[in-house]
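The following account leads the reader through a single structure, from its charged pairs to its core, its surface and its overall architecture. Please keep the sequence and the coordinates in view while reading.

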Amino acid sequence: MAAADREGRMKHVAFRLQPVLQLRRTEERAAAAAAAAAASVAADADRRATEHETALTAAVLPPSLPAGSFVAAMVLLRTAATDAADARALATAQAEQAEAVRAEWTAAAQRTKGLERLAERHRAALQHAADVAEERATDDLVTGRAGRCTDTTRGTAWTE
């Protein structure tokens with residue numbers, strides 16, 4: 001049996017879960033995109049928090065200030081410290097969110113992988129069935145030929 005005939009027959013027996021597999025692959029791609037976006041947002045939040053912390057660390061008060069300027073500088077530094085703490089808290093929350101989205105992506109990939117294994121087993125079963133059918137057809141052809149090709153003078157079957 002020709003390979004083209006085998007493949008032609010194999011294509012007729014479709015994997016019944018193919019639409020589900022395609023959906024799972026689409027879900028996995030969407031989850032991957034969401035994970036990349038969440039990671040980017042988390043990285044940006046971390047960068048901003050680091051900038052706030054660096055700016056706060058670099059702030060230096062002059063050795064002597066008038067009382068009003070000193071109070072204003074302290075209020076400004078307190079506000080900057082609060083902003084830096086808020087930025088770090090946001091960065092931490094964004095990192096946790098990115099981790100949760102990445103976990104969803106991992107779960108989507110596992111669901112896809114399970115269906116891909118089923119599809120591969122389906123293809124392997126079809127290939128095995130085609131191989132068995134081809135072997136059976138070859139055996140039938142060979143045994144049929146052996147029965148037809150006898151040497152009548154000697155009474156033995158012809159062999160190659």
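A salt bridge is here a side-chain nitrogen of Lys or Arg lying within 4 Å of a carboxyl oxygen of Asp or Glu. The model under discussion is predicted. By the criterion just given, the structure contains seven salt bridges. Side chains of opposite charge can pair when their charged atoms come close.

One such pair consists of Arg 24 and Glu 27, whose side chains meet with an N to O distance of 3.2 Å. Both residues belong to helix α2, where they are three residues apart, about one turn of the helix. Are these two residues buried, exposed or partly exposed? Arg 24 has a relative accessibility of 24% and therefore counts as partly exposed. Glu 27, with a relative accessible area of 30%, is likewise partly exposed.

Another salt bridge links Glu 116 with Arg 25, their closest N and O atoms being 3.2 Å apart. Because Glu 116 lies in helix α3 and Arg 25 in helix α2, this pair ties together parts that are 91 residues apart in sequence. Glu 116 is partly exposed, its relative accessible area being 25%; Arg 25 is also partly exposed, at 31%.

A further pair is formed by Glu 53 and Arg 88, with 2.9 Å from N to O. Glu 53 is placed in helix α2 and Arg 88 in helix α3, so this contact ties together parts that are 35 residues apart in sequence. Glu 53 counts as partly exposed at 30% relative accessibility, and Arg 88 is partly exposed with a relative accessible area of 24%. Through salt bridges that share partners, Asp 46, Glu 53 and Arg 88 are joined into one network.

The discussion now turns from charged pairs to the nonpolar interior. Which residues make up the largest nonpolar core? This core has five residues in all, namely Ala 35, Ala 38, Ala 42, Ala 98 and Val 101. Helices α2 (18–58) and α3 each supply at least two of its residues, and α2 provides the largest share, with three. When residues up to four places away in sequence are not counted, Val 101 touches Ala 31, Ala 34, Ala 35 and Ala 38.

Helix α2 itself comprises 41 residues and reaches 59 Å from its first C-alpha to its last, a span close to the 60 Å expected at 1.5 Å a residue. Its buried residues are Leu 21, Ala 31, Ala 35, Ala 38, Ala 42, Ala 45 and Ala 49. Thr 54 is also found in helix α2, but with 49% relative accessibility this residue counts as partly exposed. The C-alpha atom of Thr 54 is separated by 9.0 Å from that of Ala 84, although the two residues are 30 residues apart along the chain.

Val 13 offers a view of the loop between α1 (3–12) and α2, where this residue is found. At 41% relative accessibility, Val 13 counts as partly exposed. Leaving aside residues up to four places away in sequence, Val 13 touches His 122 and Leu 126. The C-alpha atoms of Val 13 and Arg 123 are separated by 9.5 Å, the two residues being 110 residues apart along the chain.

On the surface, Leu 61, Leu 65, Phe 70, Val 71, Met 74 and Val 75 form a nonpolar patch, and together these residues have about 480 Å² of accessible area. Val 75, one of the patch residues, lies in helix α3 (residues 67–148).

These details can now be set within the whole chain. The protein has three helices and two strands, which follow the pattern α-α-α-β-β when read along the sequence. What share of the 160 residues is buried? Buried residues account for 14% of them. The protein exposes about 11,500 Å², of which carbon and sulfur atoms supply 59%. Among contacts between residues at least 6 apart in sequence, 82% join residues at least 24 apart. The salt bridge between Glu 116 and Arg 25, whose residues are 91 apart in sequence, and the one between Glu 53 and Arg 88, whose residues are 35 apart, illustrate pairing between α3 and α2.

Notes
Residues are numbered from 1 along each chain as its sequence is written. This is a predicted model: local features need pLDDT of at least 70, side-chain atom pairs count only at pLDDT 80 or more; totals for chains, interfaces and linings use all residues. Side-chain values use heavy atoms; hydrogens and water are left out. Patches are made of residues with over 30% relative accessible area and no salt bridge: like charges are joined within 9 Å, nonpolar side chains (Val, Leu, Ile, Met, Phe, Trp, Tyr) within 5 Å. Accessible areas come from the Shrake-Rupley method with a 1.4 Å probe; for residues, only the protein chains shown count as cover. Helices (H or I, at least four residues) and strands (E, at least two) are DSSP runs, numbered from the N terminus. A nonpolar core is a set of buried Ala, Val, Leu, Ile, Met, Phe, Trp, Tyr and Cys residues joined through side-chain atoms within 4.5 Å. Buried means under 20% relative accessible area, exposed over 50%, partly exposed in between (1.4 Å probe, protein chains only). Contact means heavy atoms within 4.5 Å. The expected span of a helix is 1.5 Å times one less than its number of residues.
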